[in-house]
Amino acid sequence: MTSVPKQASAFRKGGHIILKDHVCKIVKMKTHKTGKHGHAKINFTGLDIFSNNKYEELQSATHSMQEPEVNKDEYDVIDIQEEFVSLANLEGESLELQIPKNEIGDNLRKGFEDEKIMIAIVTSAMGQTKITQFKEEK
């Protein structure tokens, strides 16, 4: 697990946060005023970067939350066999991942079958690695 603690009030919309053990992109933050017990609270809403599921969490503004390290890398699509895609980057590192079962996976497979040069954008965080985007090389 690669994450670092960060004060809840230091997070910003569009950043990454761990909500309920899921790596999420923050889509909404609502700050509640200081109550009778003395601390402002922040309501975080985020979308899981891998499954797109929505998660919410309420936290005191002065408490720490975990900020994950999220990496995005580009890989050339080398081959597609059944449900797996073989990838390689410019440094010669290779990777084999499951094709996403969504529109991204369908379009990646179609482009490869049409003999287009496809680039997979691979997102890694907290021990998970998935293809989250793609593009065609011109």
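These legends accompany an overview and several close-up views of a predicted model.

**Figure 1. Overview of the protein chain, built from one helix and 11 strands.** Along the sequence the order is β-β-β-β-β-β-β-β-β-α-β-β. The C-alpha atoms fill a box of roughly 65 × 25 × 25 Å along the principal axes. The radius of gyration is 19 Å, whereas a compact globule of 138 residues would have one near 14 Å. Contacts between residues 24 or more positions apart make up 47% of those with a separation of 6 or more.

**Figure 2. Surface and charge of the protein chain.** About 9000 Å² is exposed, and carbon and sulfur atoms supply 47% of that area. Of the 138 residues, 32% are buried. The chain carries 19 positive and 22 negative side chains. The centres of these two sets lie 17 Å apart.

**Figure 3. The aromatic pair of F11 and F44.** A search of the whole structure finds one aromatic pair. F11 and F44 form this pair, and their arrangement is edge-to-face. The ring centres are 6.0 Å apart, with 85° between the planes. F11 sits in the loop between β1 (3–7) and β2 (16–19), and F44 sits in strand β4 (residues 41–48), so the pair ties together parts that are 33 residues apart in sequence. Are the two partners buried or exposed? F11 has 1% relative accessibility, so F11 counts as buried. F44 is buried as well, with a relative accessible area of 0%.

**Figure 4. I17 and its contacts in strand β2.** I17 is buried, and its relative accessible area is 0%. Which residues does I17 contact, leaving aside neighbours within four places in sequence? They are F11, H22, V23, C24, I26, F44, M65, Q66 and P68. Both F11 and F44 are therefore on this list, and these two residues form the edge-to-face pair of the previous view. T45 is 28 residues from I17 along the chain, and the two C-alpha atoms are separated by 9.8 Å.

**Figure 5. R12 in the loop between β1 and β2.** R12 is exposed, with a relative accessible area of 54%. The cut-off for exposed is over 50%. Beyond residues up to four places away in sequence, R12 touches I26 and M29. From R12 to V27 the C-alpha distance is 9.1 Å, across 15 residues of sequence. I26 is also among the contacts of I17.

**Figure 6. E56 in strand β5 (residues 54–60).** At 37% relative accessibility, E56 counts as partly exposed. What does E56 touch, not counting residues up to four places away in sequence? Its contacts are K20, N43, F44 and T45. F44, one of these, is a partner in the aromatic pair. E56 and A125 are 69 residues apart in sequence, and their C-alpha atoms are 19 Å apart in space.

**Figure 7. Backbone close-ups of K20 and M126, each with a positive phi.** Most residues other than glycine have a negative phi. K20 is not a glycine, yet its phi is positive, at about 50°. Where is K20 found? K20 is in the loop between β2 and β3 (22–32). The side of the chain around K20 also includes a contact with E56. M126, again not a glycine, has a positive phi of about 50°. M126 is placed in the loop between β10 (118–125) and β11 (128–136).

**Figure 8. S124 in strand β10.** Which residues does S124 touch, not counting those up to four places away in sequence? The answer is F50, E69, V70, N71 and T129. F50 is 74 residues from S124 along the chain. Even so, the C-alpha atoms of S124 and F50 are separated by 9.3 Å. T129, another contact of S124, has a number within the range of strand β11 (128–136).

Note on methods. Residues numbered from 1 in each chain as written. Predicted model: local features only at pLDDT ≥ 70, side-chain atom pairs only at ≥ 80, totals over all residues. Heavy atoms only, no water. Helix = DSSP H or I, 4+ residues; strand = E, 2+ residues; numbered from the N terminus. Rg over C-alpha atoms; globule rule 2.2 N^0.38 Å. Buried < 20%, exposed > 50% of the residue type's maximum accessible area, 1.4 Å probe, protein only. Contact = heavy atoms within 4.5 Å. Areas by Shrake-Rupley, 256 points an atom, 1.4 Å probe, with all protein chains shown as cover. Lys, Arg positive; Asp, Glu negative; His and termini not counted. Charge placed at Lys NZ, Arg CZ, Asp CG, Glu CD. Phe/Tyr/Trp six-rings, centres within 6.5 Å; stacked < 30°, edge-to-face > 60°.
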